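Biologist: Hi, I'm new to this one. Could you walk me through it?

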Amino acid sequence: MGERLKPWRSLLLWLALALLLRWAVLEPRWIPSGSMLPTLQLQDRILVEKLRPRLAKALPLQSIVVFHAPPALVEAGYDPRAALIKRVVGRAGDRVEVRDGQLWRNGNPVAEPWLAEPIDYRFGPVTVPAGHLMVLGDNRNASFDSHLWGPLPERDVIGTAVLRYWPLNRLGPIRFSAPEGLDQAEQLG
């Protein structure tokens, strides 16, 4: 009987390891909206690294984070299990504002070469509270983000986007895409 179970033990061990990795380390996700254009296209498949938030490491500015819908969105009817994706533009203590078509942090303009167009709204200034992040989509003029619903509690962060694995012609680490480097079809998703 023990010999017949031996192959199953190996399979179960590998399955348990795969589930542990998915739960704690790396998780696949797909991009359902255009809020991160042109950096991430509709239907892109990405891998999300989940260790940094669990180890309480500070998320670097400009990181692309995946997070659970914050309380303000859940109260507005969002599914609490929903995941969203945006770019970190401010951390606790940062003073963030949008004016003159540009993001400003702590009184300095922020270079954002991934933006396809100037920002067409005014926001702030807002000081990011302790334990929170300010997150904005790269498609600033069509993104439901912190400029509308406020700072994101850090506890809601699932992880950081690290690798695009689909489509294969854009396989690789997630970095910003300079808008001038994309053709019109790619810009529209």
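Modeller: Sure, we can go from the overall picture down to single residues. Keep in mind that this is a predicted model.

Biologist: Okay, how many helices and strands are there in the chain?

Modeller: The chain has five helices and twelve strands. It is 189 residues in length, and buried residues make up 41% of them.

Biologist: And what about contacts between residues far apart along the chain?

Modeller: Taking contacts with a separation of 6 or more, 61% are between residues 24 or more positions apart.

Biologist: What's the accessible surface of the chain?

Modeller: About 10700 Å², and 60% of that belongs to carbon and sulfur atoms.

Biologist: Let's go inside. Which residues have the most contacts in the largest nonpolar core?

Modeller: That core has 13 residues, and the ones with the most contacts inside it are Val89, Val96, Val98, Leu103, Tyr121 and Met134. Strand 5 (95-99) and strand 9 each supply at least two residues of this core. There's also a second, separate core of twelve residues, with Leu84, Trp149, Leu152 and Val157 among them.

Biologist: Zoom in on Val98 for me. What is it in contact with, leaving aside neighbours within four places in sequence?

Modeller: With that restriction, Val98 is in contact with Leu103, Ile119, Tyr121, Arg122 and Phe123.

Biologist: Why might nonpolar side chains be buried together?

Modeller: As a general rule, that is what they tend to do in soluble globular proteins.

Biologist: Now the outside. Which residues make the nonpolar surface patch?

Modeller: Trp8, Leu11, Leu12 and Leu15 make a patch of about 440 Å². Leu11, for one, lies in helix 1 (residues 2-24).

Biologist: Is Leu11 buried, partly exposed or exposed, and why?

Modeller: Leu11 counts as partly exposed because its relative accessibility is 46%, and the exposed class starts over 50%.

Biologist: Changing topic: how many salt bridges are there?

Modeller: A search of the whole structure finds nine. One of them joins the side chains of Lys50 and Glu27, at 2.6 Å from N to O. That pair links distant parts of the chain: Lys50 is in the loop between strand 2 (45-49) and helix 2 (51-54), while Glu27 is in strand 1 (residues 26-30), 23 residues apart.

Biologist: Are those two buried or exposed?

Modeller: Lys50 is buried, with a relative accessible area of 7%. Glu27 is buried too, with a value of 7%.

Biologist: What about Arg170, which residue does it meet in a salt bridge?

Modeller: Its partner is Asp44, at 2.5 Å from N to O. The two are 126 residues apart: Arg170 sits in the loop between strand 11 (157-166) and strand 12 (172-173), and Asp44 in the loop between strand 1 and strand 2. Arg170 is partly exposed at 21% relative accessibility, whereas Asp44 is buried at 0%.

Biologist: Got one that sits on the outside?

Modeller: Try Arg81 and Asp79, with their closest N and O atoms 3.1 Å apart. Arg81 is exposed at 68% relative accessibility, and Asp79 is partly exposed at 34%. Elsewhere, salt bridges that share partners join Glu27, Arg29 and Lys50 into one network.

Biologist: Where is Asp138?

Modeller: Asp138 is in the loop between strand 9 (132-136) and helix 4 (146-149). It's buried, with a relative accessible area of 2%. Its side chain makes a polar contact with the side chain of Thr39, at 2.5 Å. Leaving aside neighbours within four places in sequence, Asp138 is also in contact with residues including Met36, Arg87 and Trp114. The C-alpha atoms of Asp138 and Trp114 are separated by 6.9 Å, though the two residues are 24 apart along the chain.

Biologist: Any backbone oddities to look at?

Modeller: Most peptide bonds are trans, and most residues other than glycine have a negative phi. Here, a cis peptide bond joins Leu37 and Pro38, with omega about 0°. The bond from Trp166 to Pro167 is cis as well, with omega near 5°.

Biologist: And which residues have a positive phi?

Modeller: Gln62 is one, with phi near 75°, in the loop between helix 2 and strand 3 (64-68). Asp100 is another, near 55°. Asp100 lies in the loop between strand 5 and strand 6 (102-105), and at 69% relative accessibility it counts as exposed.

Notes:
Residues numbered from 1 in each chain as written. Predicted model: local features only at pLDDT ≥ 70, side-chain atom pairs only at ≥ 80, totals over all residues. Heavy atoms only, no water. Patch = residues over 30% accessible without salt bridge, like charges linked within 9 Å, V, L, I, M, F, W, Y side chains within 5 Å. Areas by Shrake-Rupley, 256 points an atom, 1.4 Å probe, with all protein chains shown as cover. Salt bridge = Lys/Arg side-chain N within 4 Å of Asp/Glu carboxyl O. Helix = DSSP H or I, 4+ residues; strand = E, 2+ residues; numbered from the N terminus. Buried < 20%, exposed > 50% of the residue type's maximum accessible area, 1.4 Å probe, protein only. Contact = heavy atoms within 4.5 Å. Polar contact = N/O pair within 3.5 Å; in protein donor to acceptor, adjacent residues only side chain to side chain. Core = buried A, V, L, I, M, F, W, Y, C linked by side-chain atoms within 4.5 Å.
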